[in-house]
Amino acid sequence: MKIHIPTPLRVYTDKQDTVGVEASTVGQALDALTAKHPDLKKHLYSEEGKLRAFVNVYLNDEDIRYLPEKEATKVNGNDALSIIPSIAGGC
Amino acid sequence: MLKLTEQVYDTIRRHGEETYPHECCGVLLGRSEDGVNEVEEAVRAGNARTDSAHNRYQIAPQELVKIQRLGRERGLDIVGFYHSHPDHPAQWSMTDFAEAHWLGCSYVITAVEKGAARQTNSFLLTGKSEENKSFENERMEVEALEAERCR
């Protein structure tokens with residue numbers, strides 16, 4: 001499956017905007033991504049090993065935090081994960 | 001440096017006027033090369049902070065996923081974001097800083113005073129990680145429209 005990398009994190013994926021991995025669940029896909037590109041890990045996860053609060057991961061158009069099986073959700077080769085840091089602010 | 005066309009520049013500023021007294025927000029699609037974020041297109045987004053839209057903005061991640069996909073289809077990347085500060089200076093706030101996570105991207109802010117766009121500034125989010133990020137004032141180059149250049 002494909003994992004789409006946002007512009008700020010491409011410095012850790014050899015400038016690739018999309019990384020292909022073999023996985024059968026969302027969690028396995030993320031593990032495969034960080035195994036291929038270990039420097040990504042600290043930018044995606046807290047020291048406790050949880051996804052950082054501002055890092056959103058979408059399976060196609062669904063936020064994985066709201067999927068019933070979350071990171072255990074099954075995936076196939078046609079699925080795509082998108083890593084999207086949040087964007088907000090105000091005066 | 002941030003490079004954008006006059007058309008994109010106007011679009012950003014007009015958006016801030018249209019949503020006044022609420023904050024507007026959107027995404028800048030383009031290319032990033034050699035320290036220059038060159039914008040091809042400004043994509044409007046909805047402000048998800050309907051609870052406090054006069055002084056807060058948020059782009060729903062799902063909308064961001066769609067805009068990133070749109071960019072990919074057009075061979076463009078997300079190189080920045082824009083929002084407005086209604087009746088407030090075009091300077092980043094502590095909230096803007098705390099909520100900024102796209103290192104290397106440009107954050108464009110337009111002050112909108114009583115419904116009219118005033119100053120527009122750009123700030124580059126620099127640093128290697130969330131822990132040592134900072135905002136730097138960023139030079140903005142607005143290119144005149146082709147038609148005007150030929151006059």
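Select Thr126(B) and Ser134(B): Thr126(B) stands opposite Ser134(B), which sits in strand β8 of chain B. Keep in mind as you look around that this is a predicted model. Now widen the selection to the two strands, β7 (residues 116-126) and β8 (residues 134-138) of chain B. Five is the number to look for here: β7(B) and β8(B) pair in the antiparallel sense over 5 bridges.

**Next stop: the hairpin**

Stay with β7(B) and add β6(B), residues 106-113. These two strands are also antiparallel, with 7 bridges between them. For one pair to zoom in on, pick Thr110(B), whose bridge partner in β7(B) is Thr120(B).

Now follow the chain around the turn. The hairpin of β6(B) and β7(B) has 2 residues between the strands, and Lys114(B) takes a positive phi near 50° there. Most residues other than glycine have a negative phi, and most peptide bonds are trans. Lys114(B) is therefore a good residue to click on: its phi is positive although it is a residue other than glycine, and it is exposed, with 9 other C-beta atoms within 10 Å.

**A second positive phi, and a cis bond**

Jump to chain A and select Lys15(A), in the loop between β1 and β2 of that chain. Its phi is near 70°, a positive value. Is Lys15(A) buried or exposed? Lys15(A) is exposed, with 8 other C-beta atoms within 10 Å.

Back in chain B, select Tyr20(B) and Pro21(B). The peptide bond joining them is cis, with omega about 10°. Pro21(B) belongs to the loop between α1 (6-19) and β2 (25-33) of chain B.

**The start of chain B**

Show strand β1 of chain B, residues 2-5, with its side chains. Which way do they point? They alternate: Leu2(B) and Leu4(B) face one way and are buried, whereas Lys3(B) and Thr5(B) point to the other face and are not buried.

Two other strands pair with this one. β9(B), residues 140-143, is parallel to β1(B) and joined to it by 4 bridges; look for Lys3(B) and its bridge partner Glu141(B). β3(B), residues 36-45, is parallel to β1(B) too, over 2 bridges, and there Leu2(B) stands opposite Asn37(B).

**The sheet and helix of chain A**

Now hide chain B for a moment. Chain A has an open sheet of 5 strands, in the order β2-β1-β5-β3-β4, with mixed pairing. The edge strands, each pairing on one side only, are β2 (18-20) and β4 (62-63) of chain A. Look inside the sheet for β1(A), residues 2-4, and β5(A), residues 80-85, which are parallel over 3 bridges. One pair to select is His4(A) with its bridge partner Ser82(A) in β5(A).

Then select helix α1 of chain A, residues 26-36. Its buried residues are Val26(A), Ala29(A), Leu30(A) and Leu33(A). They cover an arc of only 95° around the axis, so they are on the same side of α1(A). An α-helix has 3.6 residues a turn, so residues three or four places apart point the same way. Among the elements covering the buried residues of α1(A) are β1, β2, β3 and β5 of chain A.

**The nonpolar core**

Bring chain B back. The largest nonpolar core has 57 residues, and those touching the most other members are Ala29(A), Leu81(A), Ile83(A), Val27(B), Leu28(B), Phe81(B) and Tyr107(B). β6(B), the strand from the hairpin, gives the most to this core, with 5 residues. Try centring on Val27(B): beyond its neighbours within four places in sequence, it is in contact with Val43(B), Ala45(B), Ile67(B), Ile78(B) and Phe81(B).

**Last stop: where the chains meet**

Colour the two chains differently. Across the interface, 30 residues of chain B are in contact with 19 residues of chain A. The elements of chain B giving two or more residues to its side are β4 (57-59), α2 (61-73), β5 (77-86) and α3 (94-98). Which of them gives the largest share? That is β5(B), with 6 residues. By class, this side of chain B has 12 nonpolar, 13 polar and 5 charged residues.

Two sights complete the tour. Strand β6 of chain A, residues 87-89, is joined to β4(B) by 3 bridges, and the two strands run antiparallel; find Gly89(A) opposite Tyr57(B). Finally, select α2(B), which lies across β1, β3 (55-59), β4 and β5 of chain A, at about 115° to β5(A).

How values were computed. Residues numbered from 1 in each chain as written. Chains lettered and ligands numbered in written order. Predicted model: local features only at pLDDT ≥ 70, side-chain atom pairs only at ≥ 80, totals over all residues. Contact = placed C-beta atoms within 7 Å. Nonpolar A, V, L, I, M, F, W, Y, C, P; charged D, E, K, R; others polar. Pairing = 2+ DSSP bridges. Axes fitted to C-alpha atoms, helices over the stretch in contact; angles between N-to-C directions. Core = buried A, V, L, I, M, F, W, Y, C linked by C-beta atoms within 7 Å. Buried ≥ 20, exposed ≤ 12 C-beta atoms within 10 Å, placed from the backbone. Arc of directions from axis to C-beta.
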